[in-house]
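Here's a quick tour for anyone meeting this structure for the first time. Have a look at the model, then read on.

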Amino acid sequence: MSSRFIAEGGTPISPELATELRQLVFGTSSIPMRAEWTQTPFTFGPAKEELSYGLRSPRNATRGMLSVVQGFILKYLLFARRGRNNQDPLVCTQEMQTNALINALVEILRIISDKGKVTMVLPSPDEEVFIEHSVTFFHDSVTEKLYVFTLSPHDELEFFIKRHLKLFTEEDSPGTLLFLYSAVLTRSMSKIRNDLDSNSKAVPLTMPNNEEGSLMIVTLLLTGRATPYLHNGVVNVGDENTYAIPQYGILSRCTIGLLLWDNENSQPSVAAARQPGSRLKTPNYPIWITSCCGHFGVAFNRNPELLRNYHAESRFDLNYYSCSGHNVFMTIDNRVYNEQATGMLERQATTEGTSSISGGGGRRDDEAGGIVGGGGGGGGDNTDLLAREELTMNTPLQRLIHTKWEEAHIRFNVQPSMLSYLFCTTP
């Protein structure tokens, strides 16, 4: 056995714990999990370059988890990092990347532990195998080699992660799997089962809501509970023929929020029932994990007062980042229907030949007609601009933003083709 891990308080994983862990997280221990869980570490883009604040990964089942960690990385960089001076917090040195990742992992595990002990797992440095390969436990190259550590969330946790960070970040390391296992064991498997609120023991934590991961992993890391319910508080569900069954949703306002848009084919009643409550939509910081047509990402604003000041929300900038390494910059305008909308109504009325528009309205229509490009001068450029805006209307990302700011006018500073690429239905 590894004397170093034993000295740090580690104990080899037991066959019973390993089997139960695999069954809870992946549904079975008799076949290995999908390969991406054993090969996806926490990896940033190149330091000191554009988007150097962002984690990178291919599109796979770890993307949901990585997006939550990305959200806490942004919280640290934008609102918690000391000695910021005048440096852009989103242009990160390697040291900033390391500190941000450590801080994010520590904060998430503290949320899950709820002031209790934190349990972490690390693979044996000597490639020791503690569980025999069998029909009931198929080796996956990670779970059977784990050491289990119990740590104080305050005195020991941060030092422990700093010391062993390479195991989470080295190329092709199982960093995401190690952190998922640590989160599950910190919450405890019995509480995870209660959180999942399923009458069937066969429902795993990674039950695929979509190709990029399970929403229950997201809620576990965001709230400390792996609940499938996104509403505020507790809702009792039942009818006159059955006892009311409580469904435990989000019990307190979250540090980082969640926005969700499934697809335009969903029934309105179903879509409304799946919408997050205000404790997720209005978090403590202006950072939201997003799930948009099966794609996870992060939306954020740099102003810590955005959600505390009504006037700040009237017009503001918003960034959307995907762990594919792409960023979308947009402006959200919540002011009362803008002149463009008024002009469109007036133009429609004039076109139909109605007589309800005054002369002043007619002049307004003429001016708007110049914007559309009916005349000479710079009309052609404006026509192109409006055509581009039409292409970005009713995109999945716009519909996602409207779940939070219903009547906002959204201006995207990106080519429409990028929005199609980010939210395409194929990998």
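## Thr227 and its partners

Let's start with one residue: the side chain of Thr227 comes to 3.0 Å from the backbone nitrogen of Tyr229. Keep in mind that this is a predicted model. The side chain of Thr227 also reaches a second backbone atom, the oxygen of Tyr248, at 2.8 Å.

Where does Thr227 sit in the chain? You'll find Thr227 in the loop between helix 9 (215-223) and strand 4 (234-237). With a relative accessible area of 1%, Thr227 falls under the 20% cut-off, so Thr227 counts as buried. Setting aside neighbours within four places in sequence, Thr227 is in contact with Asp195, Met216, Thr219, Tyr248, Gly249 and Ile250. Tyr248, then, turns up both in that list and as the owner of the backbone oxygen that the Thr227 side chain reaches.

## Helix 4, end to end

Now for a bit of arithmetic. Helix 4 covers residues 94-113, which is 20 residues, and at 1.5 Å a residue it should span 28 Å. The C-alpha atoms at its ends are 29 Å apart, so the expected span and the model agree.

What comes right after helix 4? That's Asp114, and its phi is positive, near 50°.

## The whole chain

Stepping back, the chain has 16 helices and eleven strands. Of its 427 residues, 48% are buried. Take the contacts with a separation of 6 or more: 67% of them join residues 24 or more positions apart.

As for the outside, the accessible surface of the chain comes to about 20900 Å², and carbon and sulfur atoms account for 49% of that.

Terms used. Residues numbered from 1 in each chain as written. Predicted model: local features only at pLDDT ≥ 70, side-chain atom pairs only at ≥ 80, totals over all residues. Heavy atoms only, no water. Helix = DSSP H or I, 4+ residues; strand = E, 2+ residues; numbered from the N terminus. Expected span 1.5 Å × (residues − 1). Buried < 20%, exposed > 50% of the residue type's maximum accessible area, 1.4 Å probe, protein only. Polar contact = N/O pair within 3.5 Å; in protein donor to acceptor, adjacent residues only side chain to side chain. Contact = heavy atoms within 4.5 Å. Areas by Shrake-Rupley, 256 points an atom, 1.4 Å probe, with all protein chains shown as cover.
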